[in-house]
Amino acid sequence: MILGLKHIPSVIDGTETDPAVGDWIDVYEPATGQVYAKVASSNRGDVDRAVEAAQRAFPDWAGMSADDRGKVLERVADRIEARFDEFVKAESKDSGKPVSVARQVDIPRAMANLRFFAGAVRHWHSDAHDMGASALNYTLKRPRGVAGCISPWNLPLYLLTWKIAPALATGNTVVAKPSEVTPMTASLLAEAWREADAPRGVLSIVHGEGKTAGAAIVQHPGVSAVSFTGSTGVGEWIGAECGRALKPVSLELGGKNPFIVFADADIDSAIDTAERAAFSNQGQICLCGSRLLVERSAFETVVEGLVERARNRVIGDPMDPDTQHGAQVSADHLAKIAGYVNMARDLGANIRCGGNSPAISGRCAGGYFYEPTVITGLENDCAVIQEEIFGPVVTVQPFDSESEAVELANSTPYGLAASVFTSNLGRAHRVSAALESGIVWVNCWMLRDLRTPFGGMKQSGVGREGGAEALRFFTETKNVCIATEGAEGQRGKGAEGKA
Ligand code: NAD
């Protein structure tokens, strides 16, 4: 227990648990650059205890009806709703995102995740394959056991609940590790879980660093499946560890998403959407459209429109309801973003707007702010265009033909999301089909239906989340084949050969 600063313990088996070896990690408020809390740096022993609790809780939880599990998740969502403002402020303070974004996006979506999967599992069904006179096959879907869920800092509660809700709804118990950079709302979630009278041990929140607590979850033999959202580098390591243990793994990783504007599009709508795609959450969304590709005849119109909108974004204290653009998540991350923009400068690029940390007065003077930045004039193969920056930085490149647009769009190692703006229906279909991307939005961006498959190709991930895809990931499939009366007599007629 640290006197003077709020301390955020892990919650293991329903009990607030200080780290086994007494280590705590500083938690910063990005808007001020000040440490405002300490979070538990849990170790392998803490993870062992959480996994043991999850194993003990598994039989009862898995044995409950889907409807009863759904009711528990709905009660947890209700508890978040009852403390909505507290969750909103905590998310904003922890991450630097504008309070308006936490209010409109993060916390409503966290509640929606819990409620959606509570409903989805009730409506889920399994298959039957009828072999006529010889046999009937039916498919059982069973929870895998203890699921390890590891999430990043950019949408803290939103992405944590996106994982744990389908895992829990399908009857798994969960050991979750939120990002150590933004632990606060996960801690409030543990309180909501307790207030909802949800069974202890079914969900443990283990705080700590990736290389200790996170790695211990991935490597624990009692963890039957791992669902990870985060950077591609960490995802590669987790994928390799799970591969060695033959453990199912879902990896949602980085992106460098193309946003393609054809000259036949509604250009105003394209620019409005490009602004949101580039700068929402200070550019810290894996789905952000950070590579704007514009047909040459519309290039200057789009660049000028985007620059004007970027300059008009209201930057400042995330707690101010009028702020549109808050702080980047950390000093290190701010330095990384500035480093890429400096690289662009060194390459002779044209920084059309932004490119600096703005001067903010008052309580946020020491915060990690960076201006919305629009860059033109870069070659496609440079690091600024090929690598994920994860900040409010968008590059704009011209193209001359549909095939060139597709070629540029597909030219990075990533393949998470893409947007296409056009009024030509045939082109919308052709380009959507040709893009190497798990998600394509036509004339929109980040329009989400929780039933749809979500995930990336290439270096953006392995597997899909969302809807039935998530329910499938968290369950083992078992086929049961029952010979019907007289099946023995079918043998000689080759019934078994149908397999
Ligand atoms: P990160 O990979 O550094 O960390 C993500 C989580 O993994 C954190 O909880 C961290 O503590 C943990 N971790 C780190 N090393 C680990 C290890 N060796 N073993 C187990 N866990 C470990 O990512 P980040 O910086 O928190 O998040 C930003 C990244 O996440 C960006 O690359 C972004 O594109 C990506 N992201 C992807 C999606 C998606 O759906 N594809 C969504 C959001 C963010």
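Glutamate 388 came up first: in this predicted model, I found one of its polar side-chain atoms 2.5 Å from an oxygen atom of the ligand. I then looked up how much of the ligand is covered. Taken alone, the ligand exposes 850 Å², and the protein buries 89% of that area.

Next I checked backbone atoms. A backbone N or O atom of leucine 253 lies 2.7 Å from a nitrogen atom of the ligand. For glycine 210, I noted a backbone N or O atom 3.3 Å from an oxygen atom of the ligand.

I listed the surroundings. The ligand has 29 residues around it, and the closest are Ser151, Glu180, Ser231, Leu253 and Glu388. I sorted this shell by type and got 15 nonpolar, 10 polar and 4 charged residues.

Which pocket does the ligand take up? I found that its space is the largest pocket. The elements giving two or more residues to the shell are helix 7 (210–219), strand 11 (223–229) and helix 8 (232–245).

Last, I asked where the ligand lies with respect to domain 1 (6–253) and domain 2 (258–442). Both domains give residues to the shell, so the ligand lies between them.

Definitions and conventions
Residues are numbered from 1 along each chain as its sequence is written. This is a predicted model: local features need pLDDT of at least 70, side-chain atom pairs count only at pLDDT 80 or more; totals for chains, interfaces and linings use all residues. Side-chain values use heavy atoms; hydrogens and water are left out. A residue is near a molecule or strand if one of its heavy atoms lies within 4 Å of it. A polar contact is a pair of N or O atoms within 3.5 Å; within protein, one must be able to donate a hydrogen and the other to accept it, and residues adjacent in sequence count only if both atoms are side-chain atoms. Accessible areas come from the Shrake-Rupley method with a 1.4 Å probe; for residues, only the protein chains shown count as cover. On a 1 Å grid over the protein atoms alone, a cavity is a set of points where a 1.4 Å probe fits but cannot get out, and a pocket is an open set with protein on both sides within 12 Å along at least five of seven lines; lining residues have an atom within 4 Å of a point. A molecule sits in a cavity or pocket if more than half of its atoms lie within 2 Å of its grid points. Helices (H or I, at least four residues) and strands (E, at least two) are DSSP runs, numbered from the N terminus. Ala, Val, Leu, Ile, Met, Phe, Trp, Tyr, Cys and Pro count as nonpolar, Asp, Glu, Lys and Arg as charged, and the others, Gly among them, as polar. Domain bounds come from an automatic or database domain assignment.
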